[in-house]
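Colleague: I should like to go through this model with you, starting with the ligands. Could you show it to me first?

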Amino acid sequence: MTNQALIPVIVNGAAGKMGREVVKAVAQAPDLNLVGAIDSSPEHQDKDAGELAGLSEPLEVPITNQLEPMLGYVAGDRQGPPGVIVDFTHPDSVYDNIRSAIAYGIRPVVGTTGLSPEQIQDLADFADKASTGCLIIPNFSIGMVLLQQAAVAASQYFDHVEIIELHHNQKADAPSGTAIQTAQLLGELGKTFNPALVEETEKLPGARGSQAEEGIRIHSVRLPGLVAHQEVIFGAPGQIYTLRHDTSDRACYMPGVLLAIRKVLALKSLVYGLEKIL
Ligand SMILES: NC(=O)C1=CN([C@@H]2O[C@H](COP(=O)(O)OP(=O)(O)OC[C@H]3O[C@@H](n4cnc5c(N)ncnc54)[C@H](OP(=O)(O)O)[C@@H]3O)[C@@H](O)[C@H]2O)C=CC1
Ligand SMILES: O=C(O)C1=N[C@H](C(=O)O)C[C@H](O)C1
């Protein structure tokens, strides 16, 4: 396969925990070509993205904070498939990053969490108008898709459910994007969960967690030593049904990321959730 046939990929957040993992995965994929590595962190500027990611050989792709010139450069290469940008940056910047990429015709594959429902709708409208594919995936692991499917099945039989998500303490947003999506999926069934039996008083604000869709509560734990974990706990008289997913290595997200890079090229609009492209 010549370089012209490879999918050009930019990684945004390339010096971060997820970005380094994506750089490695893209570099090792035979049909992908890492053409750009963006990161805002000053200490990583000009470093080789491959070496930073722990590869034994440099990739000759330096880290830069110049997003727009990189988008322009990749968009300007009209031969071969259009470019894809994988975003694992920060909730504060991801909205602008996606808009810029779509404006240049570069397809975003977004793992960064923290977008509001209004921002996602706005981006969906923008992608529609541009007829440009965009994937926003709150969780790229297959185990989480299976947990969510099991939760949806269980929720037909249980009226009481709470979600606990547990993450490393460098996570910027709470609750996690995955927990919000899980509550949304349960909420789509059209029933209200957790009918109150007594009037509750929170003696400390937040003691009962946050209120998500249809009465579902989400509790967020942040501790060093954790990676990413989620429990969905169903309760009924005399029984508890617990679903739990644990990640121990960010490599678990890479099959989903690579699938999304390949699938986004065929899309003409924004799609939300890994389950939609499996
Ligand atoms: N969808 C999924 O499956 C997963 C999603 N995530 C999400 O991905 C995001 C990133 O997570 P993680 O890798 O752990 O975070 P990190 O903080 O380790 O990495 C983020 C990187 O992006 C850089 N960055 C921040 N803002 C910008 C910007 N505007 N432009 C370019 N680079 C920027 C950061 O630089 P600096 O450090 O200087 O700020 C950092 O190097 C989070 O939202 C997280 O929730 C994480 C795991 C899986
Ligand atoms: O920040 C993380 O680490 C993760 N973020 C995503 C989220 O907010 O759901 C996905 C996964 O939980 C890891």
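Modeller: Before the ligand distances, one term: a polar contact is a pair of N or O atoms within 3.5 Å. Please also keep in mind that this is a predicted model.

Colleague: Understood. Which backbone atom does an oxygen atom of ligand 1 approach at 2.8 Å?

Modeller: That partner is a polar backbone atom of Met18, 2.8 Å from an oxygen atom of ligand 1. A polar backbone atom of Phe140 lies 2.9 Å from an oxygen atom of this ligand. On the side-chain side, an N or O atom of Ser93 is 3.1 Å from a nitrogen atom of ligand 1.

Colleague: How much of ligand 1 does the protein bury?

Modeller: Ligand 1 exposes 910 Å² when taken alone, and the protein buries 76% of that area.

Colleague: And which residues come nearest to ligand 1?

Modeller: There are 22 residues around ligand 1, and those that come nearest are Lys17, Met18, Asp39, Thr113 and Lys171.

Colleague: Now ligand 2, please. What surrounds it?

Modeller: The residues around ligand 2 are Thr113, Pro138, Asn139, His167, His168, Lys171, Ser176, Gly177, Thr178, Ala228 and Tyr253. Thr113 and Lys171 are also named among the residues nearest to ligand 1.

Colleague: Which side chains have polar atoms close to its oxygen atoms, and at what distances?

Modeller: Thr178 has a polar side-chain atom 2.4 Å from an oxygen atom of ligand 2. For Lys171 the corresponding distance is 2.7 Å, and for Thr113 it is 3.4 Å. Taken alone, ligand 2 exposes 320 Å², of which the protein buries 84%.

Colleague: Where does UniProt place the active site?

Modeller: The UniProt record, an unreviewed entry, places the feature "active site" at His167 and Lys171. Both His167 and Lys171 belong to the lining of the largest pocket.

Colleague: Where does His167 sit in the fold?

Modeller: His167 is in strand β7, which covers residues 160-167. Lys171 lies in the loop between β7 and α7, the latter being residues 177-187.

Colleague: Why is His167 classed as buried?

Modeller: Buried means under 20% relative accessible area, and His167 is classed that way because its relative accessible area is 10%. Beyond its neighbours within four places in sequence, His167 is in contact with Ser176, Val221, Arg222, Leu223, Leu226, Val227, Ala228 and His229.

Colleague: And what does Lys171 touch, leaving out residues up to four places away in sequence?

Modeller: On that basis Lys171 touches Thr113, Ser176 and Arg222. Ser176 and Arg222 are also in contact with His167.

Colleague: The helix after that loop interests me. Why is α7 described as largely enclosed?

Modeller: Nine of the eleven residues of α7 are buried, so the rest of the structure largely encloses this helix. Those buried include Gly177 and Thr178, both of which are also around ligand 2.

Colleague: What covers the buried residues of α7?

Modeller: The cover includes helix α6 (142-155) and strands β7, β9 (217-222), β10 (228-236) and β12 (270-272).

Colleague: Let us change topic to Lys191. Is this residue buried or exposed?

Modeller: Lys191 counts as buried because its relative accessible area is 19%, and the limit for that class is under 20%. Lys191 lies in the loop between α7 and β8 (210-211).

Colleague: What does the side chain of Lys191 reach at 3.0 Å?

Modeller: At 3.0 Å the side chain of Lys191 reaches the backbone oxygen of Phe158. The side chains of Lys191 and Asp159 are also joined by a polar contact of 2.9 Å. Contacts of Lys191 away from its sequence neighbours are Ser155, Gln156, Tyr157, Phe158, Asp159 and Glu214.

Colleague: One more residue. Where is His90?

Modeller: His90 is in the loop between β4 (84-87) and α4 (94-103). Its relative accessibility is 34%, so His90 counts as partly exposed. A polar atom of its side chain lies 3.0 Å from the backbone nitrogen of Asp92.

Colleague: What does His90 touch farther along the chain, beyond four places in sequence?

Modeller: His90 touches Thr112 and Ala172. Although His90 and Thr112 are 22 residues apart along the chain, their C-alpha atoms are separated by 6.2 Å.

Colleague: Finally, which domain does UniProt list for residues 7-140?

Modeller: The unreviewed UniProt entry lists "Dihydrodipicolinate reductase N-terminal" there. In the model, residues 7-140 are 37% helix and 19% strand, with the end C-alpha atoms 20 Å apart.

Technical notes. Residues are numbered from 1 along each chain as its sequence is written. Chains are lettered from A and ligands numbered from 1 in the order in which they are written. This is a predicted model: local features need pLDDT of at least 70, side-chain atom pairs count only at pLDDT 80 or more; totals for chains, interfaces and linings use all residues. Side-chain values use heavy atoms; hydrogens and water are left out. UniProt positions are given in the numbering used here, feature names are shortened, and annotations may be inferred rather than shown by experiment. On a 1 Å grid over the protein atoms alone, a cavity is a set of points where a 1.4 Å probe fits but cannot get out, and a pocket is an open set with protein on both sides within 12 Å along at least five of seven lines; lining residues have an atom within 4 Å of a point. Helices (H or I, at least four residues) and strands (E, at least two) are DSSP runs, numbered from the N terminus. Buried means under 20% relative accessible area, exposed over 50%, partly exposed in between (1.4 Å probe, protein chains only). Contact means heavy atoms within 4.5 Å. A residue is near a molecule or strand if one of its heavy atoms lies within 4 Å of it. A polar contact is a pair of N or O atoms within 3.5 Å; within protein, one must be able to donate a hydrogen and the other to accept it, and residues adjacent in sequence count only if both atoms are side-chain atoms. Accessible areas come from the Shrake-Rupley method with a 1.4 Å probe; for residues, only the protein chains shown count as cover.
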